[in-house]
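Look over the sequence and the model below. The report after it covers empty space, nonpolar cores, backbone angles and salt bridges.

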Amino acid sequence: MADAGFHVRELTAEDIPSARTLMLRIVAEDFGDPYDPTVHADIDDMTAWYLAPDGPFMLVARDAETGVLLGTAGIRGGELKEGLSPPHLVERYRDGRTGQLVRVYVPREHRRRGVARVLIHQVLDRARCEGHYQTIALHTFPHSPGALPFWLSMGAVVVEDDTAGVSRALFMEIPLTTYDIEPTRTERNTRS
């Protein structure tokens, strides 16, 4: 496909209302989780989490024709919340050199267009260029549609299966030093 029909760019203040709506929708639809102000604090204050600090950022994908928000993906410090993640991973990611890939959300009606793949490539490229992090960590849920095969195709490796634990998640990492997946033609054409 020569033109994917969408553009990826950094989150702006104008994007925040539609990004928040999209994120909360995905949390409910794909994960079946209710809103939790502790877990979703970054969704409540995207300005402080993604617009103001040095290091963390959020990218958005918008339809080139309609401007509709198609997806989000961000990165922030890798620290995990105590009591919500395995304790040894909480300790492992305190080093400040691990970034956490977050809020990679594309609604069902916009999947299979390459949106998530392009967002992830651009997030990882930027993280590597900025040099704040050596490793990128993420977690996913086995019940999230297509998530595990997608992350494995992006070069992520499972470091902890906590699906029977407190988090109900699979914890994965993508080492930035070895991340070198060639973008598809669609991805190359959507980069700005």
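What follows takes these topics in turn.

## Basis

The model is predicted. Every value here is computed from that predicted model.

## The pocket

The largest pocket has a volume of about 1300 Å³. Its lining counts 48 residues. Closest to the pocket centre are F31, Y105, H139, T140 and F141. Six elements each give two or more residues to the lining: α1 (16–31), β3 (69–77), β4 (98–105), α5 (115–130), β5 and α6 (147–153). Strand β4 gives the most, with 6 residues.

What is the chemical make-up of the lining of the largest pocket, in nonpolar, polar and charged residues? The split is 25 nonpolar, 11 polar and 12 charged.

## The cavity

Enclosed space is a separate item. The count comes to 1 cavity of 30 Å³ or more. The space in the largest cavity is about 30 Å³. L80, Y93, Q100, A137, L138, H139 and F171 line this cavity. Of these lining residues, 5 are nonpolar and 2 are polar, with no charged residue.

Strand β5 (residues 135–140) gives the most to the cavity lining, with 3 residues. Strand β5 also gives two or more residues to the lining of the largest pocket. H139 appears in both places: it lines the largest cavity, and it is among the residues closest to the centre of the largest pocket.

## Nonpolar cores

In soluble globular proteins, nonpolar side chains tend to be buried together. Here, the largest nonpolar core holds 30 residues. Which of its residues touch the most other members? They are F6, I120, I136 and W151. The elements that give two or more residues to this core are β1 (6–10), β2 (57–63), β3, α5, β5, α6 and β7 (170–175). Helix α5 supplies the largest share, 8 residues.

Another core lies apart from this one. That core has 24 residues, including L22, I43, L69 and L80. L80 also lines the largest cavity.

I120 shows the packing in the largest core at the level of one residue. Leaving out residues up to four places away in sequence, I120 touches A73, L101, V104, F150, W151 and M154. One of these contacts, W151, is listed with I120 among the core residues that touch the most other members.

## Positive phi angles

Two arginines have a positive phi value. Phi of R103 is near 50°, and phi of R168 is near 65°. Neither residue is glycine.

Their settings are as follows. R103 lies in strand β4. R168 sits in the loop between β6 (157–161) and β7. Are R103 and R168 buried or partly exposed? R103 has a relative accessibility of 11%, so it counts as buried. R168 has a relative accessible area of 36% and is partly exposed.

## Salt bridges

The structure holds 17 salt bridges. R126 pairs with E10, with the closest N and O atoms 3.1 Å apart. R126 is in helix α5 and E10 is in strand β1, so this pair ties together parts that are 116 residues apart in sequence. Both partners are partly exposed: R126 has a relative accessible area of 23%, and E10 has 36%.

R111 and D30 meet in a salt bridge at 2.3 Å, N to O. R111 lies in the loop between β4 and α5 and D30 in helix α1, so the pair ties together parts 81 residues apart in sequence. R111 is partly exposed, at 25% relative accessibility. D30 counts as buried because its relative accessibility is 7%, and the cut-off is under 20%.

R113 and D63 form a salt bridge at 3.3 Å, N to O. This pair links distant parts of the chain, 50 residues apart: R113 is in the loop between β4 and α5, and D63 is in strand β2. R113 is partly exposed at 22% relative accessibility, whereas D63 is buried at 15%.

Which residues are linked in a network of salt bridges? They are R25, E29, D30, R108, E109 and R111. The R111 and D30 pair described above belongs to this network.

Technical notes
Residues are numbered from 1 along each chain as its sequence is written. This is a predicted model: local features need pLDDT of at least 70, side-chain atom pairs count only at pLDDT 80 or more; totals for chains, interfaces and linings use all residues. Side-chain values use heavy atoms; hydrogens and water are left out. On a 1 Å grid over the protein atoms alone, a cavity is a set of points where a 1.4 Å probe fits but cannot get out, and a pocket is an open set with protein on both sides within 12 Å along at least five of seven lines; lining residues have an atom within 4 Å of a point. Grid points are joined across faces, edges and corners, and a volume is the space filled by probe spheres set on the points. Helices (H or I, at least four residues) and strands (E, at least two) are DSSP runs, numbered from the N terminus. Ala, Val, Leu, Ile, Met, Phe, Trp, Tyr, Cys and Pro count as nonpolar, Asp, Glu, Lys and Arg as charged, and the others, Gly among them, as polar. A nonpolar core is a set of buried Ala, Val, Leu, Ile, Met, Phe, Trp, Tyr and Cys residues joined through side-chain atoms within 4.5 Å. Buried means under 20% relative accessible area, exposed over 50%, partly exposed in between (1.4 Å probe, protein chains only). Contact means heavy atoms within 4.5 Å. A salt bridge is a side-chain nitrogen of Lys or Arg within 4 Å of a carboxyl oxygen of Asp or Glu.
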